[in-house]
Amino acid sequence: MNLDDVPMIIKSLRESYGYTQGYVGKKLDISQQAYSNYEMGKRELPARHAAALAKLYHVSTDYIYGVVNEPIATSFPEAEYVKNISYQKLLQYLLRLNLSQRNNVLSYLNFLRNKE
């Protein structure tokens, strides 16, 4: 575990979802400035906030704390499949994409949805 990585990990997760610090702060019931201190490494992220962030981003607290390198998602539709690929696997693929790639996927999905 490398706690020095926590600020970078939570900032990366926030940015990948397109959330502002203020939005995440509200989800944690803290101010934007208090949350900013976690991202800048000025304050240590308490376990209760790590758990809330894990839930918000659908990753494990092990990922947030840098214990594992892959953002293994924690909540998925139960055992549903599309052409032999589980929703869990699809979500894991999406979580590995950067923000630009996710936006491209979402644009394509919107294109397909509007095509119907």
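In this predicted model, the largest nonpolar core is made up of 18 residues, and those with the most contacts inside it are Ile-10, Tyr-35, Leu-45, Leu-53, Tyr-57 and Ile-64. Several helices chip in: α1, α2, α3, α4 and α5 (61–64) each give two or more residues to this core. The largest share, five residues, comes from α4. As a bit of background, nonpolar side chains in soluble globular proteins tend to be buried together.

Ile-10 is a handy place to start looking around. Setting aside neighbours within four places in sequence, Ile-10 is in contact with Tyr-35, Tyr-38, Glu-39, Leu-45, Leu-53, Tyr-57 and Ile-64. Among these partners, Tyr-35, Leu-45, Leu-53, Tyr-57 and Ile-64 are also listed with Ile-10 as having the most contacts inside the core.

Next comes the pairing of α1 with α4. Helix α1 covers residues 6–17 and helix α4 covers residues 47–57, and the two pack at an angle of about 30° with their axes 11 Å apart. Angles under 35 degrees count as roughly parallel, and α1 and α4 are therefore roughly parallel to each other. Their crossing is left-handed. On the α1 side, the residues that meet α4 are Ile-10, Leu-13, Arg-14 and Tyr-17, while α4 brings Leu-53, Leu-56 and Tyr-57. Sorted by class, this contact has six nonpolar residues, no polar ones and one charged one.

Helix α1 has another residue to point out, Ser-16. Buried means under 20% relative accessible area, so Ser-16, at 13% relative accessibility, counts as buried. Leaving out residues up to four places away in sequence, Ser-16 touches Leu-99 and Arg-102.

The pairing of α2 with α3 has its own geometry. The axes of α2 (residues 21–28) and α3 (residues 32–39) come within 8 Å and cross at roughly 105°. Since angles of 65 to 115 degrees count as roughly perpendicular, α2 and α3 are therefore roughly perpendicular to each other. Gln-21, Gly-22, Val-24, Gly-25 and Leu-28 in α2 meet Gln-32, Tyr-35, Ser-36 and Glu-39 in α3. This time the mix is three nonpolar, five polar and one charged residues.

Helix α3 also has a run of buried residues, namely Tyr-35, Ser-36, Asn-37, Tyr-38 and Glu-39. The cover over the buried residues of α3 includes α1, α2 and α4. Of that buried run, Tyr-35, Tyr-38 and Glu-39 are among the contacts of Ile-10, and Tyr-35, Ser-36 and Glu-39 also meet residues of α2.

Finally, a few backbone angles deserve a look. After α3 comes Gly-41, which has a positive phi near 75°. Asp-29 is not a glycine, yet its phi is positive too, at about 65°. This residue, Asp-29, sits in the loop between α2 and α3. With a relative accessible area of 72%, Asp-29 is exposed, as the cut-off for exposed is over 50%. His-58 is another residue other than glycine with a positive phi, here near 60°. The place to find His-58 is the loop between α4 and α5. At a relative accessible area of 29%, His-58 is partly exposed.

Terms used. Residues are numbered from 1 along each chain as its sequence is written. This is a predicted model: local features need pLDDT of at least 70, side-chain atom pairs count only at pLDDT 80 or more; totals for chains, interfaces and linings use all residues. Side-chain values use heavy atoms; hydrogens and water are left out. Axes are lines fitted to C-alpha atoms, for helices over the stretch in contact, and angles run from 0 to 180 degrees between N-to-C directions. Helices (H or I, at least four residues) and strands (E, at least two) are DSSP runs, numbered from the N terminus. Angles under 35 degrees count as roughly parallel, over 145 as roughly antiparallel, 65 to 115 as roughly perpendicular and the rest as oblique. Contact means heavy atoms within 4.5 Å. Ala, Val, Leu, Ile, Met, Phe, Trp, Tyr, Cys and Pro count as nonpolar, Asp, Glu, Lys and Arg as charged, and the others, Gly among them, as polar. A crossing is left-handed if the near helix is turned anticlockwise from the far one by less than a right angle, and right-handed if clockwise. A nonpolar core is a set of buried Ala, Val, Leu, Ile, Met, Phe, Trp, Tyr and Cys residues joined through side-chain atoms within 4.5 Å. Buried means under 20% relative accessible area, exposed over 50%, partly exposed in between (1.4 Å probe, protein chains only).
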